[in-house]
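Here is a short guided look at one protein chain, written for someone who likes to have the model open while reading. Take a moment to turn it around on your screen before we start.

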Amino acid sequence: MDVRNTINTMLVSTFHEILELEEKAIITDEFRDISNNDMHIIEAIGLGPGTRMSVIARRLNITVGSLTTSMNGLVNKGYVARQRSDRDRRVVNIYLLEKGIAAYKHHEQFHKEMTEALMSCLTPEEQVVWVKSLDKITEFFRSHNGKKPISKSGENNIRALDAI
């Protein structure tokens, strides 16, 4: 197998493995009533005082219409609530309820553990290569998805390596 085929196989396989692992890890008995997709909506809402639907949809790269369907389910299940702005009644903010905060923290913990597991098996030198490689992969996908680069040539990510 040539290098290009190997990279393609590894990317596809890794993508599917991460999704499968994440679903098994975060959709536990406590959160069995929501999907992996719902968990990512909860993550996009965040722990702040409230987020507009348009902002959440943009973070997820979906339409507000698609988000509305999922949001209705999360409201009905008690994970999130809607609240109209006092300043502009047209604006509806979404915020996490207690159950949503617990799901958010559970999902956040999974990502911390996954990152720590990866970092623990790499030398500092390998960590530098890993971050540089992931930065290039991220920028490739962002540019092919019509998005602006996260940082100029990965400057911020590379600066983070100084802490290693």
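Is Asp-33 buried, partly exposed or exposed? With a relative accessibility of 30%, Asp-33 counts as partly exposed, because the class in between runs from 20% to 50%. Please keep in mind that this is a predicted model. We will come back to Asp-33 when we reach its salt bridge with Lys-99.

**The overall layout**

The protein chain holds 7 helices and 3 strands. Read from the N terminus, its elements follow the order α-α-β-α-α-β-β-α-α-α. Of the 164 residues in the chain, 23% are buried. The accessible surface adds up to about 11,400 Å², and carbon and sulfur atoms own 55% of that. Among the contacts with a separation of 6 or more, 49% join residues that are 24 or more positions apart.

**Salt bridges**

A search of the whole structure turns up 3 salt bridges. They are set out here with the gap between the closest N and O atoms or, for the last pair, the N to O value.

| Salt bridge | N to O distance |
|---|---|
| Glu-20 and Lys-24 | 3.0 Å |
| Lys-99 and Asp-33 | 3.4 Å |
| Arg-90 and Asp-88 | 2.8 Å |

Glu-20 and Lys-24 sit together in helix α1, 4 residues apart, which is about one turn of the helix. Glu-20 is partly exposed at 40% relative accessible area, while Lys-24, at 60%, counts as exposed.

The salt bridge between Lys-99 and Asp-33 ties distant parts of the chain together: Lys-99 belongs to helix α5 (residues 98-120), Asp-33 to the loop between α1 and α2, and 66 residues separate them in sequence. Lys-99 is partly exposed, with a relative accessible area of 34%.

In the remaining pair, Arg-90 is exposed at 71% relative accessibility, and Asp-88 is partly exposed at 25%.

**Around helix α2**

Asn-36 is part of helix α2 (residues 36-45). How does a relative accessibility of 10% class Asn-36? It counts as buried, because the cut-off for that class is under 20%. Beyond its neighbours within four places in sequence, Asn-36 touches Leu-19, Glu-22, Glu-23, Ile-26 and Ile-27.

Gly-46 is found in the loop between α2 and β1 (51-52). Gly-46 is buried too, at 11% relative accessible area. Setting aside residues within four places in sequence, the contacts of Gly-46 are Leu-96 and Tyr-104. Its C-alpha atom is also 8.4 Å from that of Ile-101, although the two residues are 55 apart along the chain.

**Where α3 meets α4**

How do helix α3 (residues 53-60) and helix α4 (residues 64-76) cross? Their axes come within 9 Å, at an angle of roughly 105°. The two helices are therefore roughly perpendicular to each other, since that term covers angles from 65 to 115 degrees. On the α3 side the contact is made by Met-53, Ser-54, Ile-56, Ala-57 and Leu-60, and on the α4 side by Val-64, Leu-67, Thr-68 and Met-71.

Ser-54, in helix α3, is partly exposed at 35% relative accessible area. From C-alpha to C-alpha, Ser-54 and Val-64 are 6.0 Å apart, with their positions 10 residues apart in sequence.

The loop between α3 and α4 contains Asn-61. Most residues other than glycine have a negative phi. Asn-61, however, has a positive phi of about 60° without being a glycine. Asn-61 is partly exposed, with a relative accessible area of 46%.

**A nonpolar patch on the surface**

Which residues make up the nonpolar patch on the surface? They are Val-3, Ile-7, Leu-11, Leu-118, Trp-130, Leu-134, Ile-137, Phe-140 and Phe-141, with about 790 Å² of accessible area together. Two or more of these residues come from each of α1 (3-26) and α6 (124-144). Helix α6 provides the largest share, with 5 residues. Trp-130 lies in α6 and is partly exposed, with a relative accessible area of 36%. That value fits its place in the patch, because patch residues need over 30% relative accessible area.

Conventions. Residues numbered from 1 in each chain as written. Predicted model: local features only at pLDDT ≥ 70, side-chain atom pairs only at ≥ 80, totals over all residues. Heavy atoms only, no water. Patch = residues over 30% accessible without salt bridge, like charges linked within 9 Å, V, L, I, M, F, W, Y side chains within 5 Å. Areas by Shrake-Rupley, 256 points an atom, 1.4 Å probe, with all protein chains shown as cover. Salt bridge = Lys/Arg side-chain N within 4 Å of Asp/Glu carboxyl O. Buried < 20%, exposed > 50% of the residue type's maximum accessible area, 1.4 Å probe, protein only. Axes fitted to C-alpha atoms, helices over the stretch in contact; angles between N-to-C directions. Parallel < 35°, antiparallel > 145°, perpendicular 65-115°, else oblique. Contact = heavy atoms within 4.5 Å.
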